[in-house]
Amino acid sequence: MRILLANSEMEYRGGTQAWIKTMWDVLSEDHAVALFVHSGRLPGWAQPFDPEAQYDVALINHFPAFRALSNASIGVRIVTSHGVIPAEEWPSWGADAYVSVSESVSRHIPFKSEIIRNPLDLERFRPRSLVSSSVSRVAFVSNRQGDARSIVDEAACLLPEVEFRVVGGETAVDDVEEVYDWADLVIGIARTAVEALACGRDVIAFDYCGFHGRVTKENLAYMYDVNFGGHAQGRWPSAQELANEIAAFNPDARLAEIIRSNHDPRRIAEAYIDLANSVTRVRRLSGVLIRTIPQLTSPRITTVIDKVKRGVRRSSKR
């Protein structure tokens, strides 16, 4: 099978860029894979997109890449939404299938989508060392931080025996897995939370969106539903409450195995291939018809569809 991975750009490591690299590594084992980048440089490890080639499947991230490939020879176009921001994550009408990486994303987009988790590089994100019996090192990992930063700083003052480290923004690092290995407990949301859990760390879901508490086996379904605090507003704890939560350190070794299974890139690659194979000829033809009119693939049309569907849902509840 010839597979095309498509992204808006590849200028920094992390987010959908990490998704692309992980999917490239696993899909390349059994398939011929190429990469299309809408803007910026193509990474050296990638086979570039050939505009003359015929691709069986394209896994597309972001509206600019979807629009740029409208005339490419592709059998099945699958668009993946990784979040609700930035605007490029808002999917366009005219794809053959849609994927959401979480339940919250699925609720946000106005098209029926399959939920397929983000893949993790399980070699990078794995338990490398034993967690301490009591918490001695805490890492707050975030590029945004917001009001959470001051609460974390105040909590650190209340726990003088605990070493705190803030990673993100001006203190961002390329080898974040080393930060997880250093820490006993990680504070963060979304991908940070998932990566740290895969490394066997105790995790508190807290960042600029607010506080959602410690991730446990019992509340894992809720954490997935809100993308580990990345797609839902949480409450704002006092510094003392956060300090108490940190002190109640309670890592669960079972969580690492669950997370690693849920985000195993081989299972995820198989899910994408199965989805592509399930797309009917009628669905593909309808996508072709929509894409013949570029205006129909505009994000404005997606917004209109979203408003109509929300209006229908409100009316049905009356």
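This is a short talk on the overall build, the cores and a few single residues of one protein model.

The model is predicted, and every value I give is computed from it.

I'll begin with the whole chain. The protein has 12 helices and 11 strands. Its radius of gyration is 21 Å, and the globule rule gives 20 Å for 318 residues, so the protein is as compact as a globular protein of that length. The C-alpha trace spans about 65 × 55 × 35 Å along its principal axes.

How much of the protein counts as buried? Of the 318 residues, 52% do. Next, contacts: taking those with a separation of 6 or more, 65% are between residues 24 or more positions apart.

On the surface, about 15,000 Å² is exposed, and 51% of that is supplied by carbon and sulfur atoms. For charge, count 37 positive and 40 negative side chains; the centres of the two sets lie 9 Å apart.

Now the inside. The largest nonpolar core holds 27 residues, and the members that touch the most others are V141, Y180, V215, F228 and I259. Which elements give two or more residues to this core? They are β7 (137–141), α5 (176–182), α6 (190–198), β10 (202–207), α7 (220–225) and α9 (253–262). Helix α6 provides the largest share, 5 residues. A separate core of 26 residues lies apart from this one, and I3, I20, A46 and I116 are among its members.

Let me stay with two of the well-connected residues. V141, setting aside neighbours within four places in sequence, is in contact with V167, V176, V179, Y180, V186, I187, G188, T192 and D207. One of those partners, Y180, is also on the list of members that touch the most others.

The second is F228, which sits in the loop between α7 and α8. Is F228 buried or exposed? With a relative accessible area of 1%, against a cut-off of under 20%, F228 is buried. Its phi is near 50 degrees, a positive value in a residue other than glycine. So, to put F228 together: a loop residue, buried, and in the group with the most contacts to other core members.

A190 also has a positive phi, near 50 degrees, and is not a glycine. A190 is found in helix α6, the helix that gives the core its largest share.

Two more loop residues, and then I'm done. P251 lies between α8 (239–247) and α9. Its relative accessibility is 33%, which falls between the 20% and 50% cut-offs, so P251 counts as partly exposed. Which residues does P251 contact, leaving aside those within four places in sequence? V131 and D202. P251 is also 9.7 Å from V135, C-alpha to C-alpha, with their positions 116 residues apart in sequence.

S133 is in the loop between β6 (114–115) and β7. At 78% relative accessible area, and with exposed meaning over 50%, S133 is exposed. From S133 to H38 the C-alpha distance is 48 Å, and the two are 95 residues apart in sequence.

Those two pairs are worth setting side by side on the screen: P251 with V135, 116 residues apart in sequence and 9.7 Å in space, and S133 with H38, 95 residues apart in sequence and 48 Å in space.

That's what I have.

Note on methods: Residues are numbered from 1 along each chain as its sequence is written. This is a predicted model: local features need pLDDT of at least 70, side-chain atom pairs count only at pLDDT 80 or more; totals for chains, interfaces and linings use all residues. Side-chain values use heavy atoms; hydrogens and water are left out. A nonpolar core is a set of buried Ala, Val, Leu, Ile, Met, Phe, Trp, Tyr and Cys residues joined through side-chain atoms within 4.5 Å. Buried means under 20% relative accessible area, exposed over 50%, partly exposed in between (1.4 Å probe, protein chains only). Helices (H or I, at least four residues) and strands (E, at least two) are DSSP runs, numbered from the N terminus. Contact means heavy atoms within 4.5 Å. The radius of gyration is taken over C-alpha atoms; the globule rule is 2.2 Å times the number of residues to the power 0.38. Accessible areas come from the Shrake-Rupley method with a 1.4 Å probe; for residues, only the protein chains shown count as cover. Lys and Arg count as positive and Asp and Glu as negative; His and the chain ends are not counted. The place of a charge is taken as NZ of Lys, CZ of Arg, CG of Asp or CD of Glu.
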